[in-house]
Amino acid sequence: MFSIENQLIQLWIGSFTLMVTIAVVISVWAAWRTITRQRSQLLSVNTELDARVTDLSLEIERRQQAEKELAEQAAALARADEVRLSRQRIITAEETLRRKIAQQLHGSVQNRLIFLTLRLKELEKAAAPEGLAAELRDLHQKFEELLDGEIRSISHQLYPYILHSGFVPALQSLGDQFEGFMEIDLQLDQELMRRERSDRHLISDETKLAAYRIAEEALTNVVKHAKASKVTVKLDMPSPEWIRISIKDNGQGFDPEKVAAGLGIVGMRDYAEAMGGECAILRAKDQGTEVSARLPLATPVATPAPEHPQTVSP
Ligand SMILES: Nc1ncnc2c1ncn2[C@@H]1O[C@H](COP(=O)(O)OP(=O)(O)OP(=O)(O)O)[C@@H](O)[C@H]1O
Ligand SMILES: [Mg+2]
């Protein structure tokens, strides 16, 4: 009896131990599974973080590169602006000098000549021998020719004072100067003319001078090189802040490959670009030449002019 009880107790203890062992094994197994799952979750989070760090470094690099490029572009723009401003300073200095010489010619030289002419006239009257009087008359006449012709024309070429009377009258007078050489068709935008008449400062002095100089050189080129019978000078406003002047002839045109640009073409571009504008030479063999310059109403503009075709070759 005692041994049966003993055996039952041992069996019970054995079963209990087995159950505890199984429970412990199951807990350890469950804990191990949890740890393994968490470990793989941690690994994937780590991989994801690594990828994000790589992406972020790439993004930072891209941004740094973009910032560098922007800084370079800003520096290039600043340099271009500086070049344009220095061109403008050169042109202004040249025009100031021209104006001074023109003033001297028109003022003191002309006044002295007028005085000398009057003296000659008096001498002419007082001169006794007829031969001497005739000489003096001749001299007097030559002085007057010099005064009315060369001195006046040189001083007006040096500086177009007519611009003070307005841009439209200046263009009309320029057209008149070339009228004898070919037919001139002056096409002026009516709205621009109306606005300029009511506001003399609508177009800045520098723009008027630049447009006048470009038209003057283009018309001179037509007379010198084009063999044209007709030229059209057109002034309009392609947009509210810009004017455009174009000079188009029906002459022989020229091949840009064979003809080197002289000072005239370079000068026209300089005048336009110094103002932040541009000057395009459109030419086609046997189809004439067109000079088209776009200039800002006000001076100077910090941003470059909108796109415009530079050259159209045949
Ligand atoms: N309207 C035109 N028709 C035909 N050829 C032209 C015309 N304008 C310019 N050219 C050609 O382009 C060349 C360069 O012109 P550009 O005005 O620069 O120099 P240029 O007139 O020869 O000399 P300058 O320095 O006195 O102006 C001319 O020599 C001429 O061959
Ligand atoms: Mg020329």
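**Ligand 1 and the α5/α6 pair**

Of the 17 residues around ligand 1, those that come nearest are Asn221, Gly262, Leu263, Gly264 and Ile265; a residue is near a molecule if its C-beta atom, placed from the backbone, lies within 6 Å of it. This is a predicted model, in which local features need pLDDT of at least 70 and side-chain atom pairs count only at pLDDT 80 or more, while totals for chains, interfaces and linings use all residues. Residues are numbered from 1 along each chain as its sequence is written, with chains lettered from A and ligands numbered from 1 in the order in which they are written.

The shell around ligand 1 splits into 7 nonpolar, 8 polar and 2 charged residues. Here Ala, Val, Leu, Ile, Met, Phe, Trp, Tyr, Cys and Pro go down as nonpolar, Asp, Glu, Lys and Arg as charged, and the others, Gly among them, as polar. Helices α5 and α6 each chip in at least two residues of that shell, and α5 gives the largest share, 5 residues. Helices are DSSP runs (H or I, at least four residues), numbered from the N terminus.

How do these two helices sit together? Helix α5 (residues 205-226) packs on helix α6 (residues 263-274) at an angle of about 160°, their axes 9 Å apart; axes are lines fitted to C-alpha atoms over the stretch in contact, and angles run from 0 to 180 degrees between N-to-C directions. That makes the pair roughly antiparallel, a label for angles over 145 degrees. Residues of the contact between α5 and α6 come out as 6 nonpolar, 3 polar and 2 charged.

Technical notes. Angles under 35 degrees count as roughly parallel, over 145 as roughly antiparallel, 65 to 115 as roughly perpendicular and the rest as oblique.
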